[in-house]
Amino acid sequence: MSSLNFNTNWQYAEAPENQDHIELKEQYELFIGGEFVKPTGKKPVYFDTINPANNKKLASIAEASTADVDKAVKSARNAYDKYWSKMPAKDRGKYIYRIARMLQERAREFAVIESLDGGKAIRESKSVDIPLAAAHFFYYAGWADKLDYAYPNRKPKPLGVAGQIIPWNFPLLMAAWKIAPALATGNTIVIKPAETTSLTALKLAELIQEADLPPGVVNIITGAGATGAAIVNHPDVDKIAFTGSTSVGKIIQRAVAGTNKKVTLELGGKAANIIFEDATIDQAVEGIINGIYFNQGHVCCAGSRLFVQESVQEKVIRKLKDRMETLIVGDPLDKNTDIGAINSREQLDTIQNYIKIGKKEGADFYESSCPLPKKGNWCRPTLFTNTSQSHRIVQEEIFGPVLTVQSFRTLDEVIDKANNTYYGLSAGVWTDKGSKIFKLTSKLKAGVIWANTYNKFDPTSPFGGYKESGFGREGGLHGLSAYLKF
Ligand code: NAP
Ligand code: MG
């Protein structure tokens, strides 16, 4: 229980987000060549997408077979040859601006659907996912006719057809990260969202159709791993952009070895969040909470390994537990909710299994005491203290609201500990001293390092990993190069 002894008998009144303006179809088809088409074959296959907050079905989604993937790639190739590669860059930019503006206009609808389908708190989808997705389209729209300035005397050219595969944790945002730079650089696209969160990508398909993009420039096809593999293995795809787990990233790298396909891989992470004794502790505690618990810990760059300087460890843990006690877990569409539903039953099982492993490994377990709804997939914010570097919960990506805590005494010690991981996606540092920040940012092997903040994103800033977190950068000028040849 909290050391503040909260009276937990009272709760905020419900503040549900209005859903009346949402239009969902019963069945969604594949978006190929500018049209919504049924999967090929006599018996097209459909799968259910569910709302993880109550496990009720939201819609049926078409499953693209290898033949459908081939159709989508042909349509993208045709659009590349016929329209997109011939269009003046300025006009390409106009289309991307149009998508950005329409997304902004329909932000509420997209936010609600994102929360319904994926389980994230509406506060997050409204204030993070959808505005950032629109910002990505705005940012890359601006680059479309300025590539010659970005790469003077290098005559950049598009690659052709880009195959893109994305995960379920930031469905629309990941689609924007992939689609916007590919379009700005003159490529055409076949993209597949994750099986559990296809709805906002399909809504984006409707928006792209309304925006009147030439048919086939963006093809959005749904399905599971086999559909993704068919995109990766298609001989007429010039570039694979993948965001997802390290294990699938490795399969993709093997599959494209020896081909001419260009690849970028954005994979898993196990970020260190490092608190020094001279940090502003209350601010750091907010950063820890934001780093691991929001979005249910379904964040590749989540600050899942906390390192606290020994002299302030007790104070930080006490304040952290108090703050954890105030977090509300529940209905993703309630505006008061801090932590929504775990994306799928399967992911909840994975998280619960790691919690068991952590207890067996001998770490001390703590979870907040908030009530959980009866139906749906839920996990309270949790933490493990008394952990060691060799514990599996410290080494492996859990992808849920589970934090491990370790202490350190010196700067060199924490650098060694933080770098002792297969991953290298991100890290955080909290200190009053600029010198420590500079030393850490040069010594930590992580693609992104936040100082006195955490999980801050901006389209102008490149993002990507080292080691088993992948290679290539998305965002900023770097994000353009990944779709160009010189
Ligand atoms: P995942 O299982 O690797 O799936 C990612 C995508 O790949 C999904 O669309 C999936 O389809 C598809 N897929 C599965 N098997 C495939 C195969 N053999 N060939 C081609 N595609 C295949 O990852 P996830 O569970 O969705 O997402 C969580 C992971 O993503 C975490 O490890 C997280 O760290 C990582 N992530 C990284 C970043 C980053 O920027 N570095 C950002 C977000 C997430 P289905 O899901 O439909 O089966
Ligand atoms: Mg769903």
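**Domain interface and magnesium site**

In this predicted model, domain 1 and domain 2 bury about 2,300 Å² between them, with 55% of that area on carbon and sulfur atoms.

User: Which three residues supply 25% of the area that domain 1 buries against domain 2?

Analyst: Domain 1 spans 27-266 + 467-485 and domain 2 spans 272-451. Between them, 26 residues of domain 1 are in contact with 31 residues of domain 2. On the side of domain 1, no other three residues supply more of the buried area than Arg123, Trp168 and Lys467.

User: What is the distance between the closest N and O atoms in the salt bridge of Asp338 with Arg123?

Analyst: The interface of domain 1 and domain 2 holds 15 residue pairs in polar contact, and the count of salt bridges between the two domains is one. Asp338 forms a salt bridge with Arg123, and the closest N and O atoms lie apart by 2.8 Å.

User: Which residues are the protein donors of the magnesium ion (ligand 2)?

Analyst: The donors follow the spacing I-x66-D-x78-T along the chain. Ile50 in strand 4 (residues 46-51) and Asp117 in helix 3 (residues 107-118) are 67 residues apart, a pair that links distant parts of the chain. At 2.3 to 2.4 Å from the ion, the protein donors are Ile50 (O), Asp117 (O), Asp117 (OD) and Thr196 (O).

User: Is the donor residue Asp117 buried or exposed?

Analyst: Ile50 has a relative accessible area of 29% and is therefore partly exposed. Buried requires under 20% relative accessible area. With a relative accessible area of 1%, Asp117 is therefore buried.

Key
Residues numbered from 1 in each chain as written. Chains lettered and ligands numbered in written order. Predicted model: local features only at pLDDT ≥ 70, side-chain atom pairs only at ≥ 80, totals over all residues. Heavy atoms only, no water. Donors = N, O, S within 2.8 Å, 3.2 Å for Na, K, Ca; no water. Helix = DSSP H or I, 4+ residues; strand = E, 2+ residues; numbered from the N terminus. Buried < 20%, exposed > 50% of the residue type's maximum accessible area, 1.4 Å probe, protein only. Domains from an automatic or database assignment. Contact = heavy atoms within 4.5 Å. Buried area = accessible area lost by both parts, 1.4 Å probe. Salt bridge = Lys/Arg side-chain N within 4 Å of Asp/Glu carboxyl O. Polar contact = N/O pair within 3.5 Å; in protein donor to acceptor, adjacent residues only side chain to side chain.
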